[in-house]
Structures are given as C-alpha cells and as structure tokens.
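This briefing covers a predicted model. The points below are grouped by topic, starting with the sheet.

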Amino acid sequence: MLNIWGFMGSGKSTLGRYVAQVYQWKHIDSDERIEQAEGLSIPELFARYGESYFRQKETDFLARLVRDQQESDAEPFTVLTTGGGMPLREENRQYLRQLGPSVYLHVSFEEIVRRLAQDDQRPLWNERELAKMKQRYHERLSIYRTADHIIEADHYTVAQVAEQLKNVIRA
Ligand code: S3P
C-alpha cells in the first residue's frame, strides 16, 4: 500500500480521490476513516478531546490497517492518504513502512498559504499566525523528506502529480 505524506494543503486527499476515480486504485484517507469511526469531524474531535486524543486515534488506525493487511489477500492497488501530522511519530512511521513505500508531496510554504486561505477545517492551521505556521512547516520538513520518494507538487495539476506518482512507483 503506497502511502502519501505532506503538509496540510499539499493535495494528498485530492490526489487520492483522483487516482481512485481515474486509475481505479483503492483509496483510503486516514482523516476520513477516523472521522467516520468517531462520528465527529476533525475540528470537532480536536475541540472535544484535544490533539493528543486525535494522535492516538491515528496510531490506532495504522495498527489496525497493518493487521488487516497481514490478514487479507492481495487487494487492488491501494493508496493511503495520511493526515499531515501522521508521519511525525516514530511509531507511526514504523507502521507506514510496514504498509509500503511512502511518497512525500512537497509544496512550498507560500503555496500552502495560498491554498489554505480561509480554511476552517484544520485546527492546526491559523493564517493569522503565519510565523508559527512557517516554523511548524520547517520543523516537519526533515521528517517528510525521509519518505522513500519525493514529488515536487508546487506547480502541477492533480493530473500531473498523479502521472508523477505512477512514474515513481514504476521506477
Ligand atoms: C493535521 C493535518 C490534517 C488533520 C489534522 C492534523 C496536521 O490533515 O489530520 O487537522 O497535523 O498536519 P490534512 O493534512 O489532510 O490537512
């Protein structure tokens, strides 16, 4: 199972939906699965239980996915799109490695700011605190860059990024 990493707004979920529709790959989105299991949206989850609760749900979700993958026969080609903070825990990275190769979608901070203008679905994004957001972005880069593959996604459409993804996994 290919897993896609990247900062908030880098286009992971959009890419996942695209490859599901156009290439008929199976797509699993971690945030969506957690929202369904908890019966709450991400902003509601953060507001009600806090970030550490959500982080534990991410780890639990990955542990279950690894277990299910070991038990199931080969599925159609699957892409997992992760929440932006998922690869930060070492434990999570171990699970992700067990699932399969990782791909980091790199988008510049300036482009992230443009894409997330007026976003109200991301509790950890606040465009009135750009210095703090930039710091978070740079703190995460060194971890994101440990992914098996990196795609420069800044100036590309979702179709072009999907093409790059195909090339990366063929190589
Ligand atoms: C988060 C990213 C979000 C979501 C949560 C926390 C993060 O997902 O998991 O709000 O820590 O970067 P997206 O990357 O899809 O925005």
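Strand β1 (residues 2-5) and strand β3 (residues 78-81) run parallel and are joined by three bridges. Within this pair, Leu2 of β1 has Val79 of β3 as its bridge partner. The model is predicted, and the bullets below take the rest of the sheet, the helices that cross it, and the charged side chains.

**Sheet**
- The sheet is open and has five strands, in the order β2-β3-β1-β4-β5, with parallel pairing.
- Its edges are formed by β2 (26-29) and β5 (149-152), each of which pairs on one side only.
- On average, neighbouring strands of the sheet are turned by 25° against each other, direction ignored.
- Strands of a sheet pair through backbone hydrogen bonds, in either a parallel or an antiparallel manner.

**Helices**
- Helix α7 lies across β1 and β4 (102-106), and runs at about 145° to β4.
- Helix α8 (residues 158-170) lies across β1, β4 and β5; relative to β5 it runs at about 155°.
- The N-terminal end of helix α2 (residues 30-38) is capped by Asp29, with a side-chain oxygen 3.4 Å from the backbone nitrogen of Asp31.
- After α2 comes Gly39, which has a positive phi near 70°.

**Arg140**
- Arg140 belongs to helix α7 (residues 130-144).
- Arg140 is buried but has no salt bridge. The nearest side chain of opposite charge is that of Glu51, 5.5 Å away, and a salt bridge needs the nitrogen and the carboxyl oxygen to be within 4 Å.
- A polar atom of the Arg140 side chain lies 3.4 Å from the backbone oxygen of Gly84.
- Neighbours within four places in sequence aside, Arg140 is in contact with Phe7, Met8, Arg55, Gly84, Gly85, Leu88 and Leu124.

**Salt bridges**
- The model has nine salt bridges.
- Glu51, Arg55 and Glu58 are linked in a network of salt bridges. Arg55 of this network is also among the contacts of Arg140.
- Within the network, the side chains of Arg55 and Glu58 meet at 2.8 Å, N to O. Both Arg55 and Glu58 are buried.
- Arg55 and Glu58 are three residues apart in helix α4 (residues 51-71), so about one helical turn separates them.
- A salt bridge joins Glu111 to Arg115, with the closest N and O atoms 2.9 Å apart.
- Glu111 and Arg115 are four residues apart in helix α6 (residues 109-115), so they too are separated by about one helical turn.
- An α-helix has 3.6 residues a turn, so residues three or four places apart point the same way.
- Which of the accessibility classes does Glu111 fall into, buried or exposed? Glu111 is buried, at a relative accessible area of 17%, under the 20% cut-off. Its partner Arg115 is partly exposed, at 33%.
- Asp119 and Arg122 also form a salt bridge, the closest N and O atoms lying 2.6 Å apart. Asp119 is partly exposed, with a relative accessible area of 23%, and Arg122 counts as partly exposed at 31% relative accessibility.

Key: Residues numbered from 1 in each chain as written. Predicted model: local features only at pLDDT ≥ 70, side-chain atom pairs only at ≥ 80, totals over all residues. Heavy atoms only, no water. Helix = DSSP H or I, 4+ residues; strand = E, 2+ residues; numbered from the N terminus. Buried < 20%, exposed > 50% of the residue type's maximum accessible area, 1.4 Å probe, protein only. Lys, Arg positive; Asp, Glu negative; His and termini not counted. Polar contact = N/O pair within 3.5 Å; in protein donor to acceptor, adjacent residues only side chain to side chain. Contact = heavy atoms within 4.5 Å. Pairing = 2+ DSSP bridges. Axes fitted to C-alpha atoms, helices over the stretch in contact; angles between N-to-C directions.
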